[in-house]
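I opened this notebook to keep track of what I looked up in the structure, entry by entry.

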Amino acid sequence: MTGLRYVYAVCRPFGTPLQAQLAGVAGDPPRLLHHHGLVAVVSHVPERDFAEEPLRRHLEDLEWLTGTVRAHQSVIDALTVVTTPLPLRLGTVFRDDSGVRVMIEEREEGFRRTLDRLQDRVEWGVKVYAETAAPDRAEAAEAPAKPVSGRDYLRQRRQRVRSHEELWQQAEAFATRLHETLSGYAEDARLHAPQNPALSGASGQNILNAAYLVPRADSEEFVEMVDRTKDDIPGMRVELTGPWAAYSFAGEEQQP
Amino acid sequence: MSMPSRLPDPYGQGSGANLADILERVLDKGIVIAGDIRINLLDIELLTIKLRLIVASVDKAKEMGIDWWEDDPALSSRARRDELARENNELRERLARLEELEPSRRAEEESS
């Protein structure tokens, strides 16, 4: 056997086969490495790309990184359909199978604890955007009355600032309420940094970026709950992503 | 091993998924395990911060004329070398200034 071992995830043995035609990182279909009652999901990857030097270089190449991240995620997605995977961070690479086995032995207790905690649960991502374009539109509709005096100008300006502030307060109140509702339903929740809209193609300002841990069995209801909020307030957009492997909730065992 | 119960259809995932969502999780969340291949996690953290910005595909970003990463120390080794050289000079200058100040400071300490 040649090449290095790229590890995607650790999980319990599962009966259902993974979807066929899963390419995996570096085009190598993921294989299951059973050890001590756990399974490491691995691909064989070439040294020329995944040894220390080339890997570091690749990480600075956005196109390579994008492809690899997507391949990684497609394996995690496929695993999430059939079991509860503990997703590892991108770029966890060992020299050979025995290196992977040693890693499992060293951490098996933690893996089991986390797997128990996350069993049959998935993560849903919810983002709220405030459509910052809204006040501009309102302005454009009302604006044509040109200020005739300095006082009028100032008054109009004050009004614009006030309506903008109101929009923000409204957005914040909406996001807070939504987060409280969803946290109440979910088993656990995490707040992530808002995504920068500059390049997102997503319009509006991201004011809530949260992850919720939800049992599979309750997921349908959770999704409906999010759906119901969608048209609540004009100018707010709610975006749902998932089901994800429980990325945001898997890391607690990492502290020594 | 029980079969997982049915999940609702995926929202916003698969090949059309928001790249920022995926990067956020795959690079920034999940379990950190030191493998045999040691990559500098600090580099990745830096990448992550920058990559949060990128949701459009790389090609699309280039199309849009967005190529800031080429001059960005966190994303380009050339820019990082430039940045390091600049920082290095700055530190040298500061050190020189501090060394000039040092005798007077020592004198102050002794007198107090």
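The entries below cover confidence, the domains of chain A and the nonpolar core.

I note that this is a predicted model, in which local features need pLDDT of at least 70, side-chain atom pairs count only at pLDDT 80 or more, and totals for chains, interfaces and linings use all residues. Residues are numbered from 1 along each chain as its sequence is written, and chains are lettered from A and ligands numbered from 1 in the order in which they are written.

I looked up the confidence of the complex and found an ipTM of 0.82 and a pTM of 0.74. For chain B the mean pLDDT (the predictor's confidence in each residue, from 0 to 100) is 63, with 38% of its residues at 70 or more. Over residues 55-70 of chain B the pLDDT is below 50, and I count this stretch with 25 contacts beyond near neighbours in sequence, a contact being two residues whose C-beta atoms, placed from the backbone, lie within 7 Å.

I then turned to chain A, which is divided into domain 1 (4-118) and domain 2 (121-254), bounds that come from an automatic or database domain assignment. Between these domains, 11 residues of domain 1 of chain A are in contact with nine residues of domain 2 of chain A.

Last, I asked which residues A:V7 touches when its neighbours within four places in sequence are left aside. The contacts of A:V7 are A:A40, A:V41, A:V42, A:L88, A:T92, A:F94 and A:V100.
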